[in-house]
Amino acid sequence: MHRLFGKAKPKVEAPTLEDTSSGLGKRSSEIDQKIAGLDNELRKYKEQLKKATGPTATAIKKRAMDVLKRKKMYEQQRDQLQGQQFNIDQTSFAIETVRSTQTTVAAMKVATKTLKKENKKISLAEIEDMQDEMEDLLEDVGEISDILGRSYGSPDGIEEEDLDAELACLEDEWAAEDVDFSTSTAVEESATSLPSMPSQPTATPSVFNKVEATAATEAKPTPMQYNSLV
């Protein structure tokens with residue numbers, strides 16, 4: 001059977017962009033390691049050229065040129081690989097953006113259908129009528145409040161200008177009373193602060209002694225008074 005029709009080849013899955021980008025990045029890293037090794041080799045040749053002269057220096061210089069050519073070749077390969085990896089990453093990003101956009105559009109379509117369905121449940125005419133009715137009710141409530149707030153038994157013929165004038169007179173009287181009260185308070189405070197007068201004079205010791213001597217002399221009887229008493 002297989003000899004007549006041949007054997008079917010197994011299907012090979014196409015590599016994904018992520019796998020391809022990862023493989024290119026790995027190859028680029030390997031080339032970087034090779035370039036680093038060539039740099040170390042060039043440093044060695046540079047040190048040798050400082051000491052070598054003549055044919056030896058020429059041979060070292062030739063080897064250094066070969067290493068430099070290999071380095072340039074690897075750098076070119078690395079740049080190509082990095083360019084390819086960049087393009088693949090850009091393609092992967094574009095695909096993800098398109099998928100995200102598709103998801104967003106699908107969600108917006110569902111939201112639009114839902115919004116239309118919900119809007120059908122609401123009548124603009126009913127809302128306008130409700131608002132008008134609410135406005136009328138609020139006006140009625142305001143009128144009722146004004147009616148209930150009226151004062152009963154108010155005398156007629158009283159104008160607002162007369163009340164303002166009377167109030168101004170009362171304010172003048174209150175101001176005058178405040179001035180009188182302040183003046184009387186100040187007088188009382190000044191009188192309270194004066195020093196008090198002593199109730200009896202206080203005699204000094206010398207004066208007190210003189211007073212006692214005079215009283216004793218006046219109390220002692222004279223000879224004529226003594227004889228008359230006898």
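**Exercise 1.** In this predicted model, work out what span helix α3 should have and how far apart its end C-alpha atoms are.

*Solution.* Start with the residue count: α3 covers residues 55-119, which is 65 residues. Apply 1.5 Å a residue; the helix should span 96 Å. Now check the model: the end C-alpha atoms lie 95 Å apart, which agrees.

**Exercise 2.** Find which residues of α3 are buried, and what they pack against.

*Solution.* Buried means under 20% relative accessible area. The buried residues of α3 include Ala-57, Ile-60, Ala-64, Val-67, Lys-71, Tyr-74 and Arg-78. Next, look for the partner: the buried residues of α3 pack against α2 (17-51).

**Exercise 3.** Decide whether Lys-71 is buried or exposed, and identify its salt-bridge partner.

*Solution.* Lys-71 has 17% relative accessibility, so it counts as buried. Its side chain meets that of Asp-39 in a salt bridge, at 2.6 Å from N to O. Lys-71 sits in α3 and Asp-39 in α2, so the pair ties together parts 32 residues apart in sequence.

**Exercise 4.** Place Glu-96 and Arg-99 along helix α3, and describe their contact.

*Solution.* The two residues are three apart in α3, so about one helical turn separates them. They form a salt bridge, with the closest N and O atoms 3.6 Å apart. At 41% relative accessibility, Glu-96 counts as partly exposed.

**Exercise 5.** Determine which residues are joined into one network by salt bridges that share partners.

*Solution.* Take one pair: Arg-78 bridges to Asp-79, with 3.7 Å between the closest N and O atoms. Asp-79 is partly exposed, at 45% relative accessibility. Shared partners join Asp-32, Arg-78 and Asp-79 into one network. The structure holds six salt bridges.

Conventions:
Residues numbered from 1 in each chain as written. Predicted model: local features only at pLDDT ≥ 70, side-chain atom pairs only at ≥ 80, totals over all residues. Heavy atoms only, no water. Helix = DSSP H or I, 4+ residues; strand = E, 2+ residues; numbered from the N terminus. Expected span 1.5 Å × (residues − 1). Buried < 20%, exposed > 50% of the residue type's maximum accessible area, 1.4 Å probe, protein only. Contact = heavy atoms within 4.5 Å. Salt bridge = Lys/Arg side-chain N within 4 Å of Asp/Glu carboxyl O.
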